[in-house]
Amino acid sequence: MRKTLILAAALSLIGAVQADAHARLLKSDPKAGATVAAPKVLRLSYSETIVPGNSSVSVTGPDKAPVATGPIALDAKDKRTVLAPVTGKLAPGAYKLDWSMTSADGHTMTGAFVFKVK
Ligand SMILES: [Cu+2]
């Protein structure tokens, strides 16, 4: 119990210091620059809790045509991880993934990376 309280206090201190932190993309699947088999779900992990209703992921294909994606959702076990199902077809080629994420502090950050489908 005491350890839990100390941890909670430490976390709240960190929270106070980083109150202005925004959502940074920490890792993704597919990884930026990776060549992969056509993914069924795009997985993006951020440094902050994401508010899915205000956030979006879009994928653009080799011919600059948009690839259909389903509604984004948070990972049930990690509210900093966003899952975006790919409902369109991913033929071999390079794809650009653009993301716009609003974190729990209300700030919106954007970014993009490219992955390749083999
Ligand atoms: Cu912020």
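The exchange below asks how the labels given to parts of this predicted model are justified.

User: What makes up the fold, in order?
Analyst: The protein has 1 helix and 9 strands. From the N terminus the elements run α-β-β-β-β-β-β-β-β-β.

User: Which strands form the open sheet, and in what order?
Analyst: 5 strands form it, ordered S2-S9-S8-S4-S5, with mixed pairing. Strands S2 (35-36) and S5 (66-67) have a single partner strand each, so they stand at the edges, with one side of each left without a neighbour in the sheet.

User: What makes the pairing mixed?
Analyst: Both senses occur. S2 and S9 (residues 108-117) pair in the parallel sense over 2 bridges. Thr35 stands opposite Lys116 there. S8 (residues 93-102) and S9 pair in the antiparallel sense over 10 bridges. S4 (residues 56-60) and S5 also run antiparallel.

User: How do you know that S4 and S5 count as paired?
Analyst: Pairing needs at least two bridges. S4 and S5 are joined by 2 bridges, so the criterion is met. Val59 stands opposite Val67 in S5.

User: What lies between S8 and S9?
Analyst: The two strands form a hairpin with 5 residues between them. Gly106 sits in the turn and has a positive phi of about 90 degrees. Met101 has Met109 in S9 as its bridge partner.

User: Which residues have the most contacts inside the largest nonpolar core?
Analyst: They are Leu42, Leu44, Tyr46, Val57, Leu97, Met101 and Phe115, in a core of 21 residues. S3 (41-46), S4, S7 (78-85), S8 and S9 each supply at least two core residues. S8 gives the most, with 4 residues.

User: Why is Tyr46 called buried?
Analyst: The cut-off is under 20% relative accessible area. Tyr46 has 1%, so the label buried applies. Leaving aside neighbours within four places in sequence, Tyr46 is in contact with Ala23, Arg24, Leu25, Leu26, Arg80, Val82, Trp99 and Met101.

User: How many aromatic pairs are found in the whole structure?
Analyst: The search finds 2 aromatic pairs. One is formed by Tyr46 and Trp99.

User: Why is the Tyr46 and Trp99 pair called edge-to-face?
Analyst: Ring centres must lie within 6.5 Å, and planes over 60 degrees apart count as edge-to-face. Tyr46 and Trp99 are 5.0 Å centre to centre, with 70 degrees between the planes. Both values satisfy the criteria, so the pair is edge-to-face. Tyr46 lies in strand S3 and Trp99 in strand S8, 53 residues apart. Trp99 is buried, at 9% relative accessible area.

User: What makes the Tyr95 and Phe115 pair stacked?
Analyst: Planes under 30 degrees apart count as stacked. The planes of Tyr95 and Phe115 are at 20 degrees and their centres 5.9 Å apart, so the pair is stacked. Tyr95 is in S8 and Phe115 in S9, 20 residues apart. Tyr95 is buried at 3% relative accessibility. Phe115 is buried too, with 1%.

User: How do you know that Asp75 and Arg43 form a salt bridge?
Analyst: The nitrogen must come within 4 Å of the carboxyl oxygen. For Asp75 and Arg43 the closest N and O atoms are 2.6 Å apart, so the pair qualifies. Asp75 is in strand S6 (residues 73-75) and Arg43 in strand S3, 32 residues apart.

User: Is Asp75 buried or exposed, and what about Arg43?
Analyst: Asp75 has 13% relative accessible area, under the 20% cut-off, so Asp75 is buried. Arg43 has 34%, between the 20% and 50% limits, so Arg43 is partly exposed.

User: Which other salt bridges are there?
Analyst: The structure holds 3 salt bridges. Arg80 and Asp78 form one, with their closest N and O atoms 3.5 Å apart. Asp98 and Lys96 form another, at 3.3 Å, N to O. Arg80 is partly exposed at 39% relative accessible area, and Asp78 at 24%. Asp98 is partly exposed at 25%, and Lys96 at 40%.

User: What share of the protein is buried?
Analyst: Buried residues make up 30% of the 118 residues. The accessible surface comes to about 7400 Å², of which 60% belongs to carbon and sulfur atoms.

Technical notes. Residues are numbered from 1 along each chain as its sequence is written. This is a predicted model: local features need pLDDT of at least 70, side-chain atom pairs count only at pLDDT 80 or more; totals for chains, interfaces and linings use all residues. Side-chain values use heavy atoms; hydrogens and water are left out. A nonpolar core is a set of buried Ala, Val, Leu, Ile, Met, Phe, Trp, Tyr and Cys residues joined through side-chain atoms within 4.5 Å. Buried means under 20% relative accessible area, exposed over 50%, partly exposed in between (1.4 Å probe, protein chains only). Contact means heavy atoms within 4.5 Å. Rings of Phe, Tyr and Trp (its six-membered ring) pair if their centres lie within 6.5 Å; planes under 30 degrees apart count as stacked, over 60 as edge-to-face and the rest as tilted. Accessible areas come from the Shrake-Rupley method with a 1.4 Å probe; for residues, only the protein chains shown count as cover. A salt bridge is a side-chain nitrogen of Lys or Arg within 4 Å of a carboxyl oxygen of Asp or Glu.
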